[in-house]
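Reader: I should be grateful for a close look at the surroundings of the ligand, followed by a word on any unusual backbone angles.

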Amino acid sequence: MNTTQVLVVGGGPTGLWLACELRRCGVDAIVLDRRSAGVGESRAGGLHARSLEILRSRGVDGPFLAEGRRVPAAHFAGLWLDMSRLSTEFPYVLGLVQSRIEALLAEHLRELGPDVRWNTEVTGVSQTADHAEVTTADGERLRADYVVAGDGGRSTVRRLLGIAFEGTDATVSSMLADVVLADPPAGPIFQQRTPLGDFSVLQLQPGCHRLMTNHYEPATDRGAPLDLGEFREAFVAMAGTDFGLHSPQWTSRYHDAARLAARYRDGRVLLAGDAAHIHWPAGGQGLNTGLQDATDLGWKLALTLRGHSTTLLDTYEAERRPVAERVLANTRAQTALCRPGPHVDALRATTADLLTIPAVNDRLAAMVAGLDQGERAPDVPLTDGRGALVGAGDVPDGWADRVDALPGERALLVRPDGYVAWSGGPGRTDALATWFGQPAPSRSALSRA
Ligand SMILES: Cc1cc2nc3c(=O)[nH]c(=O)nc-3n(C[C@H](O)[C@H](O)[C@H](O)COP(=O)(O)OP(=O)(O)OC[C@H]3O[C@@H](n4cnc5c(N)ncnc54)[C@H](O)[C@@H]3O)c2cc1C
C-alpha cells in the first residue's frame, strides 16, 4: 500500500498551497485530484493583501506579481473600498484568475516534489488511532498519518465523515460569463442596480471581461448548464445591451448559500478551504480564506508529525473556524446590501456615506484583505516551518531546533505563518510551549539519562 505522511484530497488552491507548505517543512505529502491536469475554471478573480504577504514570506510572490494586475480598490456589496492606505506592502488587490493562480501554485509544487496525481477520485476514507486511509474510485488504497480534505464545497470527505455543513440557503441566483466584448463600457468595472436585480462588467484582463447578473431569488435550476444564449437574455433584460459579447471562455451559475463545517477535524482527518466553508463570492474572499487555512494548518501538521505537540493541531479549528464565520457573516451582509428596492437603496446611500470616513473604509478594507486576523510581522525573515524569537536574546534551551533567534528592536515571538505569538513581557515560555510544543530534552539531561 502507498503510504505517506499527509494525503491532500483536492488539488484546488487550498490543497496545492497546503502541499507546498508541508513540503517546505520537510513533510511528505501526496495530492490527489479527480480532475485532469490543466482543467481549471477561471472562478476567483484575484489575491488579497494577506495572501500576497504569505506568498512573499515564502519567496514565491514574484510570478504572481508579474502576471497579475494591481487594482488599488476592492468592493463591499459593490460599494468601493480604497485599499491604498492598507498597512501592508500590498495595498491593492492583485487581479489574476483562479486558473492562473492554480497553475502557478502547481508549478511551485512541482519544484518541491511530485506533481498532483490527477484523474484520481477519492471515494472512501477511514481511520484508526494511528493512521488514516483513503480509497480511490479505481480501488487503490493509500495510507497516511493525516488526511486533509481540500476537495471543495461539495467535499466527499466531509460527507463521508458525516460532518454537518450548516448555514443559510441560497437567496440569490447569480450567473456569469467570461467573454470578449466588441463594445465594452469604459473603465475596469461597471455596475448597475435595476428593479430585476443587478449586473456588472469587470475587466479580467485586456481582451477578457466577466459579465455577472444577480437575481434576488433562489434558483431552481442550480445544477443546469448555462449556455451563452440564456446568459445573454438575462443580461440584456437588465442592462439593455450585451456590449457585443462573444467567444465565451467560461459560463457558470452560482449562489449565496453560506455554510460552515460543524468541525474542522475528525481525528486524523482535517477540512480546509471550501470543504470547510462556502459563501457568496462577494468581495473575493473564498480562495484567499482557503490559502490562509492551508498556511495555518501546514506548519502545525509538520510540528505535530515531528512529535513536538499533541495539542497544536486543535488550534487549527480554534483559529480558522471563527475567521470563516466572520467571512460568512460579511458576505451575508453584502447580500442584504445588494437586494433591489428603495429601502436597500437608502441603506446603500448611508453605507456609501459612512465609507467616506477613512477609518470606516480602512476597517472594511482590512477585513476583506484578510489583514484583521492577528498581529503580523511581515518584515521578520522566516525559515521554512520555523519560528523566530526576535530581539529577545537566545532561544531558550529545548526550542532551538524549531525557533531561530534574530536581532531586532522589538521583542517578538513570530510563528511560522508570520503571526506574532508573544510581544515582550511575561508569557514567553508559555507562548513557546503553546505554539512550538514541548522543549526537547537538553543535551545535559540526555547525557545524564
Ligand atoms: C464565480 C466565482 C467567483 C469567485 N471569485 C472569487 C474571488 O474573487 N476571490 C476568492 O478568493 N474566491 C473567489 N471564489 C471562490 C473560490 O473559487 C473558492 O473559494 C476556491 O476555489 C476554493 O478553493 P479550494 O481549493 O478550497 O476548493 P476547489 O477550488 O473547489 O478545489 C477542490 C478540488 O478538489 C477536487 N475534488 C473534489 N472532489 C474530489 C474527490 N472526491 N477526489 C479527488 N479530488 C476531488 C476538485 O477537482 C478540485 O480540484 C469565487 C467562486 C466563484 C464560483
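Author: The model is predicted, and the account begins with the ligand. The shell around the ligand comprises 34 residues, of which Gly-10, Gly-12, Gly-152, Gly-273 and Gly-286 come nearest. By class, this shell divides into 18 polar, 9 nonpolar and 7 charged residues. The five glycines named above belong to the polar class, because Gly is counted among the polar residues.

As to where the shell comes from, at least two of its residues are supplied by each of helix H1 (13–24), strand E16 and helix H7 (286–305). The largest share belongs to H7, with 4 residues.

Strand E16 also leads to the backbone angles. This strand spans 245–255, and Phe-243 is placed in the loop between helix H6 (228–239) and E16. The phi of Phe-243 is near 55 degrees, a positive value in a residue other than glycine. Such a value deserves notice because most residues other than glycine have a negative phi. Phe-243 counts as partly exposed because it has 18 C-beta neighbours inside 10 Å, whereas 20 or more would make a residue buried.

A second case is Asn-119, whose phi is likewise positive, near 55 degrees, in a residue other than glycine. Asn-119 is found in the loop that runs between helix H4 (98–112) and strand E8 (122–127). With 14 C-beta neighbours inside 10 Å, Asn-119 is therefore classed as partly exposed; a residue with 12 or fewer would be classed as exposed.

Note on methods:
Residues numbered from 1 in each chain as written. Predicted model: local features only at pLDDT ≥ 70, side-chain atom pairs only at ≥ 80, totals over all residues. Near = placed C-beta within 6 Å.
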